[in-house]
Amino acid sequence: MSKEMVRKIVKALDDKKAIKIEVIDIQELSQIADYFVVCTGSSTTQVKALADEVEFQLGSDIEHEVGYHKEGYGSAEWILLDYKDVIVHIFCGETREFYNLEHLWSDGKALDINEFLD
């Protein structure tokens, strides 16, 4: 189920023109999730639109099924969508560079997003 969820998330983000979408497989490193999906929006408005699209594409059923949680929507500098096995991080510009999650989780396996866009 996790990989299918990642596919839907990546497709939704790509359709809304997210910048530098990355998928990190952290299954071997952590029990908090199987995957991180990280991307950037060009403005707080786009960051919110990206989060809204992910929520829309996954639907309300998945929210109840996996124990969905959302943080950061008000400021939209960093929105976190926690779908239990998949955690989505949507950043606004320099905030992504500052927190540099890709470096913090560099022991994870970076996946080619093209495998999720077919």
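This is a short walk through the structure, one selection at a time. Bear in mind that the model is predicted.

**Whole chain**

Start with everything shown as cartoon. The protein chain has five helices and six strands, and from the N terminus on they come in the order α-β-β-α-β-β-β-α-α-β-α. The radius of gyration is 13 Å, close to the 13 Å that the globule rule gives for 118 residues, so the chain is as compact as a globular protein of that length. Along the principal axes, the C-alpha atoms fill a box of roughly 35 × 35 × 25 Å.

Switch on the surface for a moment. About 6500 Å² is exposed, and carbon and sulfur atoms supply 47% of that. Of the 118 residues, 45% count as buried. Among contacts with a separation of 6 or more, 59% are between residues 24 or more positions apart.

**Strand β5**

Now select residues 86-92, which is strand β5. How many of its residues are buried? Seven of the seven are, so the strand is largely enclosed by the rest of the structure.

Show the side chains. In a regular strand, side chains alternate between the two faces of the sheet. Here Val86, Val88, Ile90 and Cys92 point one way, while Ile87, His89 and Phe91 point the other way, and all of them are buried.

**The partners of β5**

Add residues 35-41, strand β2. Seven bridges join β2 to β5, and the two run parallel. For a landmark, pick Val38, which stands opposite His89.

Next add residues 78-82, strand β4. β4 and β5 run antiparallel, joined by five bridges. Click on Trp78 and you'll find that its bridge partner in β5 is Phe91. Then follow the backbone through the hairpin of β4 and β5: there are three residues between the strands, and Lys84 takes a positive phi near 70 degrees.

**Along to β3**

Keep β4 on screen and add residues 69-71, strand β3. Three bridges join β3 to β4, again in an antiparallel arrangement. His69 has Asp82 as its bridge partner in β4. The hairpin of β3 and β4 has six residues between the strands, and this is where Gly72 takes a positive phi near 85 degrees.

**The nonpolar cores**

Time to look inside. Nonpolar side chains tend to be buried together in soluble globular proteins. The largest nonpolar core here has 29 residues, and those with the most contacts inside it are Ile9, Leu13, Val23, Val37, Leu81 and Ile90. At least two residues each come from α1 (2-15), β1 (19-25), β2, α2 (44-66), β4 and β5. Which element gives the most? That's α1, with six residues.

There is also a second, separate core of nine residues, which includes Ile24, Ile26, Val38 and Phe91. You have already met Val38 opposite His89 and Phe91 as the bridge partner of Trp78.

Go back to Val37 and display what surrounds it. Leaving aside neighbours within four places in sequence, Val37 is in contact with Val6, Ile9, Val10, Leu13, Ile21, Glu22, Val23, Val86, Ile87, Val88 and His89.

**Thr95**

Move on to residues 94-99, helix α3, and select Thr95. Is Thr95 buried or exposed? With a relative accessible area of 15%, Thr95 is under the 20% cut-off and therefore counts as buried. Not counting neighbours within four places in sequence, Thr95 is in contact with Glu77 and Trp78. Zoom in on Glu77: its side chain makes a polar contact with the side chain of Thr95, at 2.8 Å.

**Lys16**

For the last stop, select Lys16, in the loop between α1 and β1. Lys16 has 40% relative accessibility, so this residue counts as partly exposed. What does Lys16 touch? Setting aside residues up to four places away in sequence, Lys16 touches Gln46, Leu50 and Glu53.

To finish, draw a distance from the C-alpha atom of Lys16 to that of Ser106. The two residues are 90 residues apart along the chain, and their C-alpha atoms are separated by 26 Å.

Key:
Residues are numbered from 1 along each chain as its sequence is written. This is a predicted model: local features need pLDDT of at least 70, side-chain atom pairs count only at pLDDT 80 or more; totals for chains, interfaces and linings use all residues. Side-chain values use heavy atoms; hydrogens and water are left out. Helices (H or I, at least four residues) and strands (E, at least two) are DSSP runs, numbered from the N terminus. Buried means under 20% relative accessible area, exposed over 50%, partly exposed in between (1.4 Å probe, protein chains only). A polar contact is a pair of N or O atoms within 3.5 Å; within protein, one must be able to donate a hydrogen and the other to accept it, and residues adjacent in sequence count only if both atoms are side-chain atoms. Contact means heavy atoms within 4.5 Å. Two strands pair if DSSP finds at least two bridges between them. A nonpolar core is a set of buried Ala, Val, Leu, Ile, Met, Phe, Trp, Tyr and Cys residues joined through side-chain atoms within 4.5 Å. The radius of gyration is taken over C-alpha atoms; the globule rule is 2.2 Å times the number of residues to the power 0.38. Accessible areas come from the Shrake-Rupley method with a 1.4 Å probe; for residues, only the protein chains shown count as cover.
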